[in-house]
Amino acid sequence: MVSTSKTNLVPITVARGDGIGPEIMDATLKILDAAGAALAIEEIAIGEAVYKSGIKSGIEDSAWDSLRRTKVFLKSPITTPQGGGFKSLNVTVRKSLGLFANVRPCVSYAPYVETNHPTMDLVIVRENEEDLYGGIEYRHTQDVVESVKIISRPGSERIIRYAFEYARANGRKKVTCMSKDNIMKMADGLFHRTFDEIGAEYPDIEQNHMIIDIGSAKVAVQPHMFDVIVTENLYGDIISDIAAEVTGSVGLGGSSNVGTECAMFEAIHGSAPDIAGKGIANPSGLLLGAVMMLVHIGQKDIATRVHNAWLKTIEDGIHTGDIYRLGKSVEKVGTDGFSKAVIERIGATPDKLRAVDYGAPVIGAAGGMVLPPLKPRVTQDKKLVGVDVFVNIDQCDPNGLADRILALGVNDNGLAMESIANRGTKVWPDGQPETFCSDHWRLRFMSTSGIKHDAIMALLSKFDAANIDFIKVENLYNFDGKPGFTAAQGE
Ligand code: NAD
């Protein structure tokens with residue numbers, strides 16, 4: 001769709017995806033065209049066919065050229081083949097293009113779309129690059145695997161600042177941070193602390209913190225409590241699906257994935273293979289993702305026209321099967337019929353649902369929000385004070401294990417074994433006999449008089465000489481005198 005009658009065409013990259021992807025993309029592009037969107041479209045192939053051609057990432061190398069050129073990606077859902085070592089394309093694109101913020105508005109359209117929460121109108125801002133989505137996983141022993149959760153100070157600052165700036169720019173009044181810092185005191189503690197620190201720069205915005213478990217429950221039953229929610233990657237993934245479902249249908253949600261350079265816009269649902277090719281899919285999620293794209297590229301007047309025409313269509317009861325309700329809806333339409341109904345209403349605004357106004361087009365200001373630079377890092381004094389050596393030993397008597405390790409002469413070179421833990425619980429000294437022990441043990445050695453790395457190497461060579469399989473080593477540091485590591489449960 002390159003309309004020659006339009007000027008200032010903005011290049012974007014489009015992928016039609018799998019399943020219902022091509023149908024909903026077709027409907028979306030027709031509506032954008034009819035509304036006057038000035039787009040120069042480059043198409044790329046992603047998804048199932050690419051995976052099956054042997055490319056494990058699901059995206060061809062040449063597609064990256066287009067994405068780097070246009071910096072704007074409108075993407076249909078894809079089908080990720082199960083098994084076979086295929087990587088999630090979404091995670092690859094988000095991380096490769098530095099799309100650190102995932103933004104999902106979740107709005108109720110009652111009484112036109114059935115929901116228990118007619119006044120729900122919240123936005124979830126999810127960190128998109130860190131947390132357990134680093135995919136850093138290891139099998140250490142016969143019984144134990146490990147998944148590594150990474151939370152960084154700059155990553156937390158960026159997403160939290162984005163949430164506050166988003167709230168300001170969109171007239172939102174409150175930002176709620178959700179984390180689990182009562183358990184993950186270091187990782188989630190850092191996220192929460194960063195929220196408090198950055199939040200202090202936004203006194204005009206109400207702010208609070210909730211533990212993610214109760215927060216998710218409240219989103220499900222009292223969503224009107226929330227305005228903007230900012231949270232880590234995994235929590236955001238789960239809570240945004242809950243929130244979308246609470247609005248009435250996953251078929252209605254759009255989302256943006258935003259970075260400092262590039263941005264990707266999509267529906268929140270998947271490729272719905274069960275209804276693919278039937279012409280009945282709801283294109284609304286992708287269309288609302290496209291509306292966010294139009295705002296991002298500065299075509300705000302077109303975004304307003306498309307969004308209001310869509311609201312009017314919903315309000316007029318022209319519904320696809322997923323939201324059609326006998327007695328409430330007026331006409332059941334397929335994908336095509338729905339897009340025609342939206343096109344017929346371009347220029348109209350809804351009577352009952354709240355109309356949107358994204359403001360005037362900002363020529364030359366495309367590219368979304370510009371964030372202030374990261375705060376300068378406050379470098380703290382870092383001192384090596386010990387080491388955790390993880391060993392694989394098929395033995396279930398912690399006291400016997402301690403005797404065996406001490407007999408190696410490990411309390412030497414400024415290090416002394418302080419404790420043994422199994423799956424995070426202290427089992428020596430003074431462990432509880434009831435504690436279940438796996439074949440994965442953590443031996444904690446603390447410095448008696450200050451150590452350097454060579455003390456750790458000397459320690460490890462004792463394990464090596466005794467044929468003890470050390471599977472992982474974690475150095476223990478103090479920062480400005482405070483431990484940069486946690487104690488075991490019971491320690
Ligand atoms: P799904 O979202 O595709 O479907 C869940 C249910 O919702 C199905 O019954 C489906 O028919 C319905 N549905 C979804 N979108 C709809 C729409 N627009 N209109 C009407 N009904 C709709 O989730 P799934 O079945 O778990 O996943 C299917 C495939 O999609 C999987 O391969 C999964 O990996 C992939 N997926 C891709 C993305 C993405 O590309 N962003 C996201 C999620 C899932």
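Biologist: I would like to start with V389. Leaving aside its neighbours within four places in sequence, which residues is V389 in contact with?

Modeller: Welcome! V389 touches W441, R442, L443, F445, L459, L460, F463, F470 and K472 once those sequence neighbours are set aside. Please keep in mind that this is a predicted model.

Biologist: Where does V389 lie, and does it count as buried or exposed?

Modeller: V389 belongs to strand β15, which covers residues 382–392. Its relative accessibility is 0%, so V389 counts as buried. One of its contacts is F470. These two residues are 81 residues apart along the chain, yet their C-alpha atoms are separated by 6.6 Å.

Biologist: Now the wider view. How is the protein chain divided?

Modeller: There are two parts: domain 1 runs over 10–344 and domain 2 over 382–483. Taken over C-alpha atoms, their centres are separated by 44 Å.

Biologist: How should I read the interface, and what area is buried between domain 1 and domain 2?

Modeller: An interface's size is often given as the accessible area lost when the parts come together. Here domain 1 and domain 2 bury about 580 Å² between them, with 54% of that area coming from carbon and sulfur atoms. On the domain 1 side, H140, T141 and V144 lose the most area to domain 2, and together they make up 68% of what that side buries. Counted by contact, six residues of domain 1 meet six residues of domain 2.

Biologist: How many salt bridges and polar contacts are there between domain 1 and domain 2?

Modeller: The count is one salt bridge, and five residue pairs are in polar contact across the interface. You can also look up the pair K472 and E146, which form a salt bridge with their closest N and O atoms 2.7 Å apart. K472 is already familiar, being among the contacts of V389.

Biologist: Let's turn to helices. What should helix α9 span, and what are its end C-alpha atoms apart?

Modeller: First, the general idea: an α-helix has 3.6 residues a turn, so residues three or four places apart point the same way. For length, allow 1.5 Å a residue: the 13 residues of α9 (284–296) should span 18 Å, and the end C-alpha atoms are 18 Å apart, which agrees.

Biologist: How many residues of α9 are buried?

Modeller: In α9, 12 of the 13 residues are buried, so the helix is largely enclosed by the rest of the structure. Among them are S284, L288, M292 and H296. Just after α9 comes G298, with a positive phi of about 90°.

Biologist: Which residues have a positive phi although they are not glycine?

Modeller: As background, most residues other than glycine have a negative phi, and most peptide bonds are trans. K71 has a positive phi of about 65° and sits in the loop between α3 and β3. At 33% relative accessibility, K71 counts as partly exposed. N467 takes a positive phi of about 60° in the loop between α13 and β19. With a relative accessible area of 73%, N467 is exposed.

Biologist: And where are the cis peptide bonds?

Modeller: One is from A110 to P111, with omega near 0°; P111 is in the loop between β4 and β5. Another joins W428 and P429, where omega is about -5°. P429 lies in the loop between β17 and β18.

Technical notes: Residues are numbered from 1 along each chain as its sequence is written. This is a predicted model: local features need pLDDT of at least 70, side-chain atom pairs count only at pLDDT 80 or more; totals for chains, interfaces and linings use all residues. Side-chain values use heavy atoms; hydrogens and water are left out. Helices (H or I, at least four residues) and strands (E, at least two) are DSSP runs, numbered from the N terminus. The expected span of a helix is 1.5 Å times one less than its number of residues. Buried means under 20% relative accessible area, exposed over 50%, partly exposed in between (1.4 Å probe, protein chains only). Domain bounds come from an automatic or database domain assignment. Contact means heavy atoms within 4.5 Å. Buried area is the accessible area (1.4 Å probe) that two parts lose on being put together, summed over both. A salt bridge is a side-chain nitrogen of Lys or Arg within 4 Å of a carboxyl oxygen of Asp or Glu. A polar contact is a pair of N or O atoms within 3.5 Å; within protein, one must be able to donate a hydrogen and the other to accept it, and residues adjacent in sequence count only if both atoms are side-chain atoms.
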